[in-house]
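Trainee: Could we go through this one together, charges and all? I'd like to see how each answer is reached.

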Amino acid sequence: MDVVEEAAIVDADEHDVGEAPPPEATEGKRRSSRKSEEITFLAGEACLYSVVKRSAVSLGWKLVGEDANERAKRNCDVIWIDKSFYNDRLFLSIQPWQRINHFPGMTNICRKARLAQSLELMRKKFPRDFSFYPTTYVLPQGLAAFRTMFANGQSKGTYIVKPDGSAQGKGIFLTRRIEDVENLSSVCVAQQYIRNPLLIEKKKFDLRIYVLVTSCSPLRLYLFRDGLVRICTEDYKRPTTSNMDDRCMHLTNYSVNKRSDKYERDEKGAAPSNLGSKRSIAWLLEWLRQEKSEAAASKMWSRIGDICVMTILSILPTLRREYAGIFEKKTRPPPNMEDSSSDCPGSNANSCEMSGTSRCFELLGVDIMVDGDLRPSLIEVNHLPSWGTDSPIDEDIKSRVITQALSAMNVSAQDRRTYERSRRKQSRIRLRRKQPTGPLEEEVDDANATTDTQPKGKKKRLDLFDSNSAERRIRQVYEKHAPEKLDKVKGLLERYRGYEEWLAKKIEEKYSQDDSDSSTSSEDDESSDDEPMEVLDAKERKRFEREERILKDYDRIYPPPRNDRISISRYREMEKFVTEMDEKQQRRLTCPLQQMQPNGDTDKDCGTHNQYSRGDGWIGGNIHIRSMKEGEAKVTGPPTKQQVAFADRLSRGYSVEDSDVSEKEKAVKRKSRMLHHDLIFEDENPFYHLIDRVKQSRELSKDARRRAELRLHNRASKSGAPLKQQVLQLGLGTPFVELGEKFYSKRRGIDDGG
């Protein structure tokens with residue numbers, strides 16, 4: 001917002017305080033206020049399914065269709081998109097009061113190749129926990145490893161090949177021959193075929209699970225307690241060369257089987273019968289309780305929840321980084337947002353707390369296949385699941401999934417008004433130049449208030465490297481953590497003179513890390529497993545409790561409940577590992593190759609979120625993203641012993657790798673002609689004799705040139721031929737004698753006068 005707009009806002013605010021508007025204007029404002037009380041839902045061309053619109057209407061929201069004006073569509077409170085988009089321009093256009101049904105970065109598990117790579121990385125560290133995903137090869141990148149599974153071009157096992165970005169069963173085929181995948185034109189995945197799937201009425205089936213992600217930082221996941229069972233239309237037989245092409249036998253996709261003549265569907269308007277080719281998971285669990293046991297059905301459902309959690313954990317750092325990169329600036333409230341919240345007319349928790357809510361939510365469609373031993377396996381994840389309602393069971397399940405998910409969003413019709421009011425207040429503050437007091441100025445004011453010797457109007461000059469301020473900080477830390485070290489403060493400051501700021505910073509980091517470690521260990525011992533991993537304030541806890549009350553048909557799967565199969569400590573370990581792997585990947589992208597070597601301070605200087613800096617104006621042939629925090633100054637520490645030793649060797653003319661430098665054996669010190677200082681010994685300098693040889697060769701070259709000129713002169717004077725036709729014969733062994741301005745050769749066996 002520029003100055004002109006800010007001035008216009010201020011004028012508008014001042015005009016409102018003036019004369020009372022006429023009754024017609026008052027009535028118009030009342031109508032507009034009633035309209036503004038409604039939550040608007042963008043149901044444009046990107047909202048493809050009628051069940052989504054009906055769910056929004058059932059909540060009392062106002063639909064904004066494609067025929068509405070651009071301003072109305074741009075200012076909707078909730079945006080729903082059912083189409084694929086590949087850029088972040090849409091996310092960047094989202095305003096702070098709006099919500100959208102997608103997370104940036106979620107395609108990292110919705111693309112089959114990226115999903116396979118992420119899960120394979122986690123499987124190397126946690127092989128037992130991440131065994132729920134069939135062995136998968138990304139082609140053509142992994143063609144060499146995939147070829148090792150074939151002998152003479154044939155394989156005993158069957159592989160199902162899927163294009164990376166396909167949907168609805170397009171481009172999928174089964175194979176046992178390597179030649180079928182050697183000439184692929186696009187990225188595909190080859191997945192090991194599940195040979196013994198669980199059958200319903202002799203037919204293969206899969207499960208469509210719905211997972212709701214309400215927040216990524218902190219992570220909140222909910223599993224819908226129902227879902228869809230999609231059954232094939234042909235009886236299952238193990239894949240052979242004769243039946244591999246039967247798609248209705250091996251593929252469970254609804255888009256494939258609905259075209260079959262054997263597909264059984266319920267009539268529209270009738271109650272769900274759970275007898276056709278599409279049934280509910282509630283029916284399946286009841287069927288498993290009768291066929292197997294109650295414990296077996298509960299264990300399978302619990303495993304499905306664990307699969308959903310671990311799948312999203314495999315990309316959690318990417319989700320958080322991309323979310324912060326797009327929404328962090330707009331999500332962060334203005335400095336006086338908290339002050340303006342008290343001025344909200346009729347403010348409630350939803351209207352004034354929008355700065356802490358998630359800007360995104362997502363309903364994922366997770367495809368699961370169960371084998372004969374009731375072990376669920378992950379097939380794929382869909383961030384654009386189909387919300388079509390071709391049957392009564394679709395309408396019943398999908399309407400509950402969407403309606404409760406929309407209800408749980410912390411959205412209010414007052415959000416936009418609250419945000420605009422806070423922006424207007426900030427504009428007035430900037431125009432009147434009423435900047436809030438910074439932390440450094442407050443510290444100086446406190447120091448002036450406690451000091452009687454200084455006048456009240458003056459402020460102490462606060463330097464960056466202030467010995468007194470560093471000593472004060474060190475004493476404050478020692479008084480709290482190590483009172484026995486207070487007597488050593490003077491000695492430390494004397495030892496690290498010139499590096500007081502660095503010393504204070506290191507001491508603060510040391511004891512703050514000890515505090516965090518002790519608090520973490522105490523939380524692990526005292527807190528229950530029902531607590532989330534992140535430390536939540538009262539507002540966040542209240543908001544999450546509200547979510548759980550609204551999502552009555554959902555189970556919270558992360559943070560896991562107390563009686564879950566995998567404890568929260570195990571999930572912590574997984575999150576820590578994937579975070580470390582993501583940091584390494586970011587360092588490879590943002591740091592130069594020479595800094596990737598395991599040196600002592602490399603990891604400290606090179607951060608993971610574009611925090612690497614080698615100083616201003618540095619260019620090293622690579623592209624580096626440097627984002628130093630505003631106002632943050634670089635604090636240089638004292639040189640280490642190794643650095644001092646290296647500098648000493650370099651100053652004497654030796655390499656830093658030369659460790660055989662002994663000062664006791666050196667007796668004579670002479671000034672070096674090459675390095676121009678007296679710290680080098682010429683008798684052992686390898687370059688000293690080289691200089692003499694170069695000078696000697698230069699003298700010989702000059703002598704040769706003189707002899708050549710003399711020979712040319714003599715021949716030219718005798719024969720009268722041009723100089724360019726003369727043949728030079730340089731005899732470097734013949735000495736010359738200079739007599740006056742002429743040169744004479746001194747031949748062997750002839751006197752000087754001859």
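Mentor: Happily! Let's begin with D396, whose relative accessibility is 36%. This is a predicted model.

Trainee: Is D396 buried, exposed or partly exposed?

Mentor: Buried means under 20% relative accessible area and exposed means over 50%. D396 comes to 36%, so it counts as partly exposed.

Trainee: Which side chain meets D396 in a salt bridge?

Mentor: Look in helix α16 (residues 392–407), which holds both partners, four residues apart, about one turn of the helix. The partner is partly exposed at 25% relative accessibility. The N to O distance is 3.4 Å, and the residue that pairs with D396 is R400.

Trainee: Which residues do shared salt-bridge partners join into one network?

Mentor: One link in the model is the salt bridge of R230 with D367, at 3.2 Å from N to O. R230 sits in strand β12 (residues 228–235) and D367 in strand β14 (residues 362–370), 137 residues apart. Both R230 and D367 are buried. The network as a whole consists of D206, R208, R230 and D367.

Trainee: How many salt bridges does the count come to?

Mentor: Another example is E286 with R289, at 3.3 Å from N to O. Those two both lie in helix α11 (residues 281–291), three residues apart. By the rule of a Lys or Arg side-chain nitrogen within 4 Å of an Asp or Glu carboxyl oxygen, the count comes to 37.

Trainee: Which residues form a positive surface patch?

Mentor: One member is found in the loop between β6 (154–163) and β7 (173–177), namely K170. K170 has 54% relative accessibility, so it counts as exposed. The patch is formed by K170, K258, R259 and R265.

Conventions: Residues are numbered from 1 along each chain as its sequence is written. This is a predicted model: local features need pLDDT of at least 70, side-chain atom pairs count only at pLDDT 80 or more; totals for chains, interfaces and linings use all residues. Side-chain values use heavy atoms; hydrogens and water are left out. Patches are made of residues with over 30% relative accessible area and no salt bridge: like charges are joined within 9 Å, nonpolar side chains (Val, Leu, Ile, Met, Phe, Trp, Tyr) within 5 Å. Accessible areas come from the Shrake-Rupley method with a 1.4 Å probe; for residues, only the protein chains shown count as cover. Lys and Arg count as positive and Asp and Glu as negative; His and the chain ends are not counted. The place of a charge is taken as NZ of Lys, CZ of Arg, CG of Asp or CD of Glu. Buried means under 20% relative accessible area, exposed over 50%, partly exposed in between (1.4 Å probe, protein chains only).
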